[in-house]
Amino acid sequence: METLLELNEGIDTSTFYGVNNHNILCLKNQFPAVRVVARGYQLKVSGAEKEVQRFIDTLLLCEDFCLRHNTLDEQRILQIIHGEQPEEALADNLILHGVNGRAIVARSANQQRLVNDYNDNDLMFAIGPAGSGKTYTAIALAVRALKNREVKRIILSRPAVEAGEKLGFLPGDLKEKIDPYLQPLYDALQDMIPGVKLNEYMERGVIQIAPLAFMRGRTLADAIVILDEAQNTTIPQIKMFLTRLGIHGKMIITGDLTQIDLPASQQSGLKDAISRLQGIKSISIVEFNQKDIVRHPLVGRIVSAYSQPTVSPLP
């Protein structure tokens, strides 16, 4: 019997096959009567029908684990073969496995609350101080949803509001002017998706990163949409954004109400939206605080210092 198998296109083949094809060699060693030739996303399997079917069943379980956790190694393959639950699939706070199998987990109570609220809500607000992991957790949820085929696209956006500098004075075309504002989103994605796969997703439009102004007129169905730095939206802007939500879509809005860069004459759209949307079904509002800060320990102290009344300067 000879069968040609096609791996799921969402899988990272370098992770699935392992370094120097170690994972696929491990599988072959457990089924010595089966001959396997792997090339890219295709595997040719031949041998006695019963053994080939056993091999395929095991391979599909390994593929499923790799898709969900973005990691696979000999230990987990052997656990799957022996009918055991692979390690780290049991971790309650695990969101997904990122590049090189690094576990990406909820590292604070409010990060975990955002993860828990994801299943029951189509619109989520995550508000709180710098370094509390709001954006990172939101992007991890989006990547997990894409890998699990819960959505077809990830759309990430930010308002291009200057924190002291002017876009017009920056060199380059519009994309080059805006990219620095979007760099934190790129950084998070690079932690979670291998570079080659990330570039492919972006070229195909599976993952899109765009300034808020580019959202006007779009209907965002079958997508998870994240608006970062939403404290710098105006009321009309955030209303426009929120009304883009389409069928089978989800939105996560993140922001820090202590870091509003809008002119004093303009009210933050994020602040207005939170006050208007409190208590509506399928909308979750998670308020992060200083205890959630997961950057350098000094960041928490800095945030705390700036939340105190202003001290008179030294003479």
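A crossing of two helices counts as right-handed if the near helix is turned clockwise from the far one by less than a right angle. With that in hand, let's walk through this predicted model, starting with a pair of helices to which the term applies.

Helix 2 spans residues 22-30 and helix 3 spans residues 49-69. Their axes come within 11 Å and cross at roughly 150 degrees. Angles over 145 degrees count as roughly antiparallel, and helix 2 and helix 3 are therefore roughly antiparallel to each other. Their crossing is right-handed. If you would like to find the contact in the viewer, look for Ile24, Leu27 and Lys28 on the helix 2 side; they meet Phe55, Thr58, Leu59 and Cys62 of helix 3. Sorted by class, this contact has five nonpolar residues, one polar and one charged.

Next, follow helix 3 to the sheet. This is an open sheet of three strands in the order 1-3-2, and the pairing is antiparallel. Strand 1 and strand 2 (35-39) are the edge strands, each pairing on one side only. On average, and ignoring direction, neighbouring strands of the sheet are turned by 15 degrees against each other. Helix 3 packs on this sheet and touches strand 1, strand 2 and strand 3, with its direction making about 10 degrees with that of strand 1.

Now zoom in on strand 1, residues 2-6, which pairs with strand 3, residues 42-46, in the antiparallel sense over five bridges. Within this pairing, Glu2 has Ser46 of strand 3 as its bridge partner, while Thr3 stands opposite Val45. In a regular strand, side chains alternate between the two faces of the sheet. Strand 1 shows such an alternation: Thr3 and Leu5 point to one face and are buried, whereas Glu2, Leu4 and Glu6 point to the other face and are not buried.

Finally, move along to another helix pair. Helix 9 (residues 235-242) and helix 10 (residues 269-277) have axes that come within 8 Å and cross at roughly 60 degrees. That angle makes helix 9 oblique to helix 10. Here too the crossing is right-handed. Helix 9 contributes Ile235, Ile238 and Leu242 to the contact, and helix 10 contributes Gly269, Leu270, Asp272, Ala273 and Leu277. By class, the residues of this contact divide into six nonpolar, one polar and one charged.

How values were computed. Residues numbered from 1 in each chain as written. Predicted model: local features only at pLDDT ≥ 70, side-chain atom pairs only at ≥ 80, totals over all residues. Heavy atoms only, no water. Axes fitted to C-alpha atoms, helices over the stretch in contact; angles between N-to-C directions. Helix = DSSP H or I, 4+ residues; strand = E, 2+ residues; numbered from the N terminus. Parallel < 35°, antiparallel > 145°, perpendicular 65-115°, else oblique. Contact = heavy atoms within 4.5 Å. Nonpolar A, V, L, I, M, F, W, Y, C, P; charged D, E, K, R; others polar. Buried < 20%, exposed > 50% of the residue type's maximum accessible area, 1.4 Å probe, protein only. Pairing = 2+ DSSP bridges.
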